[in-house]
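Biologist: Please show me the model, and then we can go through its sheet, a helix and the cores.

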Amino acid sequence: MAAPPWDELVSGVVERRPRAVARLITMVESREPGWQEAMRALYPRTGDARVVGITGPPGAGKSTLTNQVSRTLVAQGRRVGIIAVDPSSPFSGGALLGDRIRMRDILTAPGVFIRSMATRGSLGGLSQAARDVARILDAAGYDDVLIETVGVGQDEVDVVRAADLVIVVCVPGQGDAVQILKAGIMEIADIFVVNKADHPGAHELTMEIASMLELARLDACDDTPASCHVPALDADLNGDEAVWRVDVVETCAVSGEGIPRLVDAITEQFAEPAAAKASAHARAREEILALVDAELAGVARRRLAASLPEAAAHVAKMETDPYSAAEQLLAELGIQ
Ligand SMILES: Nc1nc2c(ncn2[C@@H]2O[C@H](COP(=O)(O)OP(=O)(O)OP(=O)(O)O)[C@@H](O)[C@H]2O)c(=O)[nH]1
Ligand SMILES: [Mg+2]
């Protein structure tokens, strides 16, 4: 059966029909004809959802936390969309069975939509794909979109860049603090969750993260300490002047301990509009460039389809070198 045209799917999304949401996500993810028109039509209806990225090492408790946070938000009367991303998995759509099992109690809850994405070679990049899906959910009236991604490598950092707010989940006893520093996670985290607080060493890890934040703050704000917010353990030393707030929250996701504080931290951070506005410009710039990059690559491949085999043959026979061949093809495209 042919997929309905994009405008029908867009209407379905606006009418909050989960089936239309799922089909439009598939269309946009696989860049089927009409995806841009659909995103363009939906864009004016976006901007209301709070998009939260949740990342951290495998097994840290991200899915359990996502589940708990969703339940709390649903209890507050909010609708929640969840995007589970596994950049290392070649499967998509029905993947992440483990996550689905762990999230089973919210799977059937009204007002919750769960989608798995595991598209390593995603067209246009995984970060853009996550952004697109988040927007579709936003337009479908989901108040909160939670993007869970596994790991603390570059791919995961890229994915959570699609979010307005980033939660990094750590657990005691795994050298997580060192990993965080190495991966450059420090710069992107808005909230650190020290999960499995029922395990020994949780408080030590909290202190370690707090002191890393303090060092980073001193580093960043050498000249103007007065304009800085000390980002540690709920301390808001600067009142209205907060320019950089990072919360550290201890949780036990299995028992639900600490979840209300985490949800409060999320709500409070979204209530600080100044910081969000400052990064909106940078993020828009990044997104436009990513879209242009993806489009350029596609255009180049299509336009060069005819001349590429010949150029490749010449290089293979060593009649020319790949550098000159590439230059010649770029000239053909009018780019030099
Ligand atoms: N003791 C304890 N166990 C926890 C806690 N949170 C999660 N777990 C357990 O840790 C295991 C992994 O939890 P998940 O929520 O699947 O972790 P995850 O980070 O989503 O895992 P991946 O998606 O596979 O990276 C499960 O067996 C959970 O029950 C916690 O606070 N305390
Ligand atoms: Mg998980």
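The questions and answers below deal with these topics in turn.

Modeller: This is a predicted model, in which local features need pLDDT of at least 70, side-chain atom pairs count only at pLDDT 80 or more, and totals for chains, interfaces and linings use all residues. Residues are numbered from 1 along each chain as its sequence is written, and side-chain values use heavy atoms, with hydrogens and water left out.

Biologist: Which strands are the edge strands of the open sheet?

Modeller: Strands here are DSSP runs (E, at least two residues; helices are H or I, at least four), numbered from the N terminus, and two strands pair if DSSP finds at least two bridges between them. The seven strands pair in parallel in the order β3-β2-β4-β1-β5-β6-β7. Pairing on one side only marks the edge strands, β3 (112-117) and β7 (247-250).

Biologist: Where do the buried residues of α3 lie around the helix?

Modeller: Buried means under 20% relative accessible area (1.4 Å probe, protein chains only). In α3 (residues 35-42) these are Trp35, Ala38, Met39 and Leu42. Seen down the helix axis, with directions taken to the C-beta atoms, they fall within an arc of 95°, so they line one face of the helix.

Biologist: Which element gives the most residues to the largest nonpolar core?

Modeller: A nonpolar core is a set of buried Ala, Val, Leu, Ile, Met, Phe, Trp, Tyr and Cys residues joined through side-chain atoms within 4.5 Å. The largest has 34 residues, and Ile136 is among those with the most contacts inside it. With eight residues, the element that gives the most is α7.

How values were computed:
Chains lettered and ligands numbered in written order. Buried < 20%, exposed > 50% of the residue type's maximum accessible area, 1.4 Å probe, protein only.
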